[in-house]
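Grab a coffee and work through a few short exercises on the protein below. Try each task yourself before reading the solution.

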Amino acid sequence: MVDFELSAEQVALRERARKFAVEEVLPVAKKYDRSGEFPRDVIEKAFKAGLMNLAIPKEYGGPGFGAIETVLVVEEMAAACAGITTSIYVNDLGATPIVLMGTPEQKKKYLTPLTQQLKLISFATSEPAMGSDVAGIQATCQRDGEHYVLNGTKFFITNGDYADTYVVFARLKDSKRHQGICAFIVPRDTDGLSTSKPMEKLGHRASDTATVYLKDARVPAENLIGKEGAGFMLAMLTFMHTRPAIGAMATGLARSAMEYAINYAKQREAFEQKIANFQAVQHMLADMYARVEAMRLLTWKAAWQLDHNAPEANIASSCAKLVGSEDAMKIATDSLQIYGGRGYLESYAIAKLFRDAKLYQIYEGTSQVQRYVIARYLLENYQPTMKGY
Ligand SMILES: Cc1cc2nc3c(=O)[nH]c(=O)nc-3n(C[C@H](O)[C@H](O)[C@H](O)COP(=O)(O)OP(=O)(O)OC[C@H]3O[C@@H](n4cnc5c(N)ncnc54)[C@H](O)[C@@H]3O)c2cc1C
């Protein structure tokens, strides 16, 4: 059976997220994009509205939403501002490794506080010398009695400057690639942990991005998530759960880019008529709509597969992220084209959407990495239907 109908609760949740996006996010999107200031007040409002920490189970105080509910919420939020949404959603990225592999004690100690008052948690795999190649992590961890000692530099960490807790991935000394990677819950006040100033960025300027330094940072051994060496698998599982949300955010951004282009095309005149009359413009608009529909279907399919523990959920997840991010970039580009020269001006919203779209092709695995994941599946596991002749 295939059923695209949402439940009454899901429709109500999407309406709540849409109302929040329209009333609380959109009016301040330009201000935070311009200033690059951290939008703590908006994040606080999202927290109070129950639109944050979506994946934290009910027993730890969260809403315990499934992936479908998550993609519904983040599409609406990112339609108003991609940067603010990234800052809000990254708590789910940070919490997911604990949800997936944490002990009951770790969940109680580190997930429950996230739901009681606004607390931020960041996820840290990337480093100055590696991003795509998670097995190439160079930060080290070494057991010392009842502690692990962490050393290294984590780069590009969303909310890194403001987080209360970090999930840090590091490798056991002398271990090779995948085998030695471990994940740790690292409280902000750990001696030896420090952060940089926020990085200046092209887009998503409302989300904070910083470097996290670990210098002989001692973390209790009980803060290891899963077993020693489980970190690589945990990072991959985390991405499998969070990539559909990136596809959904890209869908939200693309939907807004399309809506702005429709509006502009109906107003702007050239050659003594509305530019919406030109077939070339109409075809761009039609393609945008068809792509937005396709992007959303892929994110819903990936989310459904995650919620049903389907064996190929990781492939659907990569497809949703790949198609979503590539199409969002294309739609933002075409929308800007419909605006003509005005699209190039910061006074029109489309310039921000164009800048923001680019990041979806990069973080949580670049488009090249998603293609690598999908191609490996095709070459190693995909079962063809036709034998050919
Ligand atoms: C604003 C922002 C926020 C971020 N937030 C976080 C965060 O919260 N936590 C975190 O850990 N990281 C975060 N990142 C890091 C992000 O995940 C990495 O930038 C991304 O994974 C790419 O890594 P890289 O920049 O090191 O590029 P590289 O890995 O050096 O790749 C460079 C280029 O080579 C290509 N490439 C690499 N390997 C292959 C391959 N095998 N086949 C084909 N092409 C390949 C890539 O696709 C890319 O085009 C963030 C990045 C940005 C910009």
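The exercises below go through a predicted model, one region at a time.

**Exercise 1. Work out whether strand β5 (residues 181-187) is enclosed or open, and find which strands it pairs with.**

Step 1: Start with burial, where the cut-off is under 20% relative accessible area. In β5, 6 of the 7 residues are buried, so the strand is largely enclosed by the rest of the structure.

Step 2: Look for partners. Strand β4 (residues 165-172) pairs with β5 in the antiparallel sense, over 7 bridges. If you want a landmark, Phe-169 sits opposite Ala-183 of β5.

Step 3: Then check strand β8 (residues 224-225). That one also runs antiparallel to β5, joined by 2 bridges. Here Phe-184 stands opposite Leu-224 in β8.

**Exercise 2. Look at the backbone angles of Asp-174 and Glu-272, and say where each residue sits.**

Step 1: Recall the usual pattern: most residues other than glycine have a negative phi.

Step 2: Take Asp-174. Its phi is positive, about 65°, although Asp-174 is not a glycine. You'll find Asp-174 in the loop between β4 and β5, and at 82% relative accessibility it counts as exposed.

Step 3: Now do Glu-272, another non-glycine with a positive phi of about 65°. Glu-272 lies in the loop between β9 (269-270) and β10 (273-274), and its relative accessible area of 83% makes it exposed.

**Exercise 3. Find out which helices feed the largest nonpolar core, and what Ile-84 touches.**

Step 1: Size it up. The largest nonpolar core has 70 residues, and those with the most contacts inside it are Ile-84, Met-249, Leu-253, Ile-338 and Tyr-360.

Step 2: Go through the helices. At least two core residues come from each of α1, α2 (40-48), α3 (67-80), α4 (82-101), α6 (231-267), α7 (279-307), α8 (313-339) and α9 (349-360). The largest share, 13 residues, belongs to α6.

Step 3: Zoom in on Ile-84. Skipping residues up to four places away in sequence, Ile-84 touches Val-25, Val-28, Ala-29, Tyr-32, Pro-39, Val-42 and Ala-206.

Step 4: Don't miss the other core. Apart from the largest one lies a core of 46 residues, among them Leu-93, Tyr-110, Leu-114 and Phe-239.

**Exercise 4. Ile-68 and Leu-306 are 238 residues apart in sequence; find how far apart they are in space, and what Ile-68 contacts.**

Step 1: Place Ile-68 in helix α3. Its relative accessibility is 12%, so it counts as buried.

Step 2: Check the C-alpha to C-alpha distance from Ile-68 to Leu-306, which is 8.7 Å.

Step 3: List the contacts. Ignoring neighbours within four places in sequence, Ile-68 is in contact with Gln-10, Trp-300, Ala-303, Trp-304 and Asp-307.

**Exercise 5. Compare the salt-bridge pairs Glu-15 and Arg-18 and Arg-255 and Glu-259, then see what they belong to.**

Step 1: The whole structure holds 21 salt bridges. One of them links the side chains of Glu-15 and Arg-18, at 3.8 Å from N to O. These two are 3 residues apart in helix α1, so about one helical turn separates them.

Step 2: Arg-255 and Glu-259 meet at 3.9 Å, N to O. Both lie in helix α6, 4 residues apart, about one turn of the helix. Arg-255 is buried at 14% relative accessible area, whereas Glu-259, at 40%, is partly exposed.

Step 3: Put the pairs together. Salt bridges with shared partners join Glu-15, Arg-18, Glu-75, Glu-76, Arg-255, Glu-259, Glu-293 and Arg-296 into one network.

Methods:
Residues are numbered from 1 along each chain as its sequence is written. This is a predicted model: local features need pLDDT of at least 70, side-chain atom pairs count only at pLDDT 80 or more; totals for chains, interfaces and linings use all residues. Side-chain values use heavy atoms; hydrogens and water are left out. Buried means under 20% relative accessible area, exposed over 50%, partly exposed in between (1.4 Å probe, protein chains only). Two strands pair if DSSP finds at least two bridges between them. A nonpolar core is a set of buried Ala, Val, Leu, Ile, Met, Phe, Trp, Tyr and Cys residues joined through side-chain atoms within 4.5 Å. Contact means heavy atoms within 4.5 Å. A salt bridge is a side-chain nitrogen of Lys or Arg within 4 Å of a carboxyl oxygen of Asp or Glu.
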